[in-house]
Amino acid sequence: MIKAPFEMEKISDEEYILNMGPQHPSTHGVLRIVLKLDGEVVTGLYPDVGYIHSSVEKMCENKKFEMITPYTDRLDYLSAVNYNWAYVAAVEKLMGIQLPERAEYMRVMLAELNRIMSHLLWYSAFGMDVGALTPIFYAFREREEVIDMVEGMTGGRLTHHAFRIGGFKNDLQKDFLSRLEKFLAKFEDRICEYEALLINNVILTARTKGVGILDKDTAINYGVTGPVLRGSGCAIDLRKNAPYSVYSKFDFRVCTGKNGDTWDRLKVRMDEMRESAKILKQAAAMLPAGEFCAKVPRVIKPAPGEVYTKVESARGEFGVYMVSDGTEKPYRIKFRSPSFSNLSVLKEITIGSKIADVVAIMGSLDLVIPEIDR
Amino acid sequence: MALLKELLYNSGKPLSEFSSWMHAIWAGWGMPGFLLDFIFQLVIVLAVTAVLVLNALWIIYYDRKISALMQIRKGPNRVGPFGLLQTLADTVKLLIKEDVNPKKIDILSFWIAPLIIFIPTFAVFLVLPFGNGLVPADLNIGILYIIAITGLSVIGILAAGWGSNNKYSLIGGMRSAAQIVSYEIPMVLVILAVVLMSGTMKMSGIVAAQSNRVWFVVPQFLGFIIFLIAGNAEVNRAPFDLPEAESELVAGFNTEYSAMKFAFFYLAEYTNLFLTSAVAATLFLGGWQGPFLPPIVWFFIKTYFVITILCWIRWTFPRIRVDQLMEFSWKYLLPLALLNLVVTAVILKF
């Protein structure tokens, strides 16, 4: 018997407590949300995390640097590449490795493909959350093509383990660029199709507009990042504001919402897919020839010191803080995961709404549980 | 051959002839007549139930195939030719599964709930005219009987929600009660307009009233739309599937049900779908009437036409929220249905 959290113990006669999770169809994993309800109206909420805590950060202290990359895949299984990137970039920064130009472009391309994959899955899952069972099949039709491309490149379909310290294990597949071109040619139309199918639907707009309003200040105070922050009208995107790799060379827009409600967060993600497609198009055109991996010493032993690197993942700012003591293993690693901050704001924006809204708002935050629990 | 044709096109006459012929023989044996009537009724009930159960199995398959068509996939295609036996296999699975009774349930309401939902659903079909004269019991107040009996199912859902001793079930039950009560009113108002036009509550009379004029869907088009929406809400299908909203309430009022008790709910849901469509076809689309084909075929064609529309709606829209559901019924459907009724009455008067 799990005791209700301390906040929930004071309940009036009108109210009752409902455990949403840890096993529930729409908590997207093993997340428990304790709801205090008055009929259908939410009067209290407490997210209970840590069900699948696997002490990734501690395990990393006992692994050699090159063995840690696969662990970062597992943090966020939906946009594994971006999480690889932050870690790999940290080691490279500490060791002063300069990447060949081609590797940088390949990284950008994979990361953007991964963002599209992640947003497509979010779109399908959100459709299920609000009771529309059809959109998932349309989104997965395109997601399958993207996964096939990434699989050809890395061998993995979910946890890709694409990046190595210093670049890549192998070059792009021969037909990668032609497949990418074919995919991008129709993707714009397909996004319009998704919007017609779900995002602009009358019932959905009625359910999401004006629901779960997150204002700019609250978002910044809670450390919310990514599409959720941009939905609140704050144009912060690490690819633009603190450009890493070769992102400064591309022409793309930072998509923002106006009101910060649930619908704005949906729209931001749909627009972001368009921008990702734009970046992919430019990257494919600008891709230089040459090496795909830098010269990396056989034994990876960075100089003592500390480093913080961050990337814009599909969910927000993912950062890696690493301390090295000059041995083959890191002294300490700390991951800054975006979903954790995004989840903590849930209470602020759901009190006073209905049970169905909790599900919709949670869906619009796009949580990935292993990354919250780590 | 002539008899078969007579049976198909004008079933009432040969059936009553058969009945009086049997009565004569029965009286010759010196047996009381009411016993034979009772046997006849039993046979009719069994026949209707058998047809409906088989039909429900087919509707489930049909719904799944329609959803597959809309979701760019193939649908059931492994068991039997074109997957036709899939539902049968599912039913057998449900029959042989363990019947789980959770601790601390209210055993009486938990057990009786599936029956309260299941039995009225089938009882309603007694007054539906499947063909010319093919009505199990042609009551004078047929449509009133339908409204009254379908109203019973809310008790079953409430009992299921209460008896399960589960908060998700209880919320589902309460939602369902609120939903069915508030959608019944516009539905009844729309039916009243039809009754005004036909001048009778007898189901066969309503069909007959549409034979010499146009089908009621033309003068009562608004009524037809309201009936479809309210009917869809009555059978708890998307976008009105709040009582069993999967992503919010796990499975709503049937969360704790398993095996055959769950199958009862499932069967009742699809039979209800057939029922709503059949009533819509009878009230608005001229019932069994139509050229070339036998009446019973026309009845099923029209019913399946309405079912297809409802399936189409189900697989297209997201779920509506509970306060919007109430708002939609009381603020839009009810005034529109009232207006429809008043306009119909005024036009009929002058």
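A residue is buried if 20 or more other C-beta atoms lie within 10 Å of its own, and exposed if 12 or fewer do. The legends below use these cut-offs for a predicted model.

**View 1. Loop residue A:Asp366, with a positive phi.** A:Asp366 has 27 other C-beta atoms within 10 Å, so this residue is buried. Its place is the loop that runs between helix 14 (355-365) and helix 15 (369-373) of chain A. Phi of A:Asp366 is near 60°, a positive value although the residue is not glycine.

**View 2. Loop residue A:Ser55, with a positive phi.** In chain A, the loop between strand 3 (41-48) and helix 1 (56-60) holds A:Ser55. A phi near 50° is found here, again positive in a residue other than glycine. A:Ser55 counts as exposed because 10 C-beta neighbours lie inside 10 Å.

**View 3. Helix 3 of chain A and the glycine that follows.** Helix 3 of chain A covers residues 80-95, which makes 16 residues. At 1.5 Å a residue the expected span is 22 Å, and the end C-alpha atoms lie 23 Å apart, so the two values agree. Of the 16 residues, 14 are buried, and the helix is thus mostly covered. Just after the helix comes A:Gly96, where phi is positive at about 70°.

**View 4. Packing of helix 3 on helix 12 in chain B.** Helix 3 (residues 33-70) and helix 12 (residues 259-284) of chain B have axes 9 Å apart and pack at an angle of about 90°. Angles of 65 to 115 degrees count as roughly perpendicular, and the two helices of chain B are therefore roughly perpendicular to each other. From helix 3 of chain B the contact takes B:Leu52, B:Val53, B:Asn55, B:Ala56, B:Ile59 and B:Ile60. Helix 12 of chain B contributes B:Leu267, B:Tyr270, B:Thr271, B:Leu273 and B:Phe274. By class, the residues of this contact are nine nonpolar and two polar, with no charged residue. In an α-helix, residues three or four places apart point the same way, because there are 3.6 residues a turn.

**View 5. The contact between chain A and chain B.** Chain A gives 25 residues to the contact and chain B gives 23 residues. On the side of chain B that touches chain A, helix 11 (246-249) and helix 14 (322-349) of chain B each supply at least two residues. That side of chain B is made up of 11 nonpolar, eight charged and four polar residues.

Technical notes
Residues numbered from 1 in each chain as written. Chains lettered and ligands numbered in written order. Predicted model: local features only at pLDDT ≥ 70, side-chain atom pairs only at ≥ 80, totals over all residues. Contact = placed C-beta atoms within 7 Å. Helix = DSSP H or I, 4+ residues; strand = E, 2+ residues; numbered from the N terminus. Nonpolar A, V, L, I, M, F, W, Y, C, P; charged D, E, K, R; others polar. Expected span 1.5 Å × (residues − 1). Axes fitted to C-alpha atoms, helices over the stretch in contact; angles between N-to-C directions. Parallel < 35°, antiparallel > 145°, perpendicular 65-115°, else oblique.
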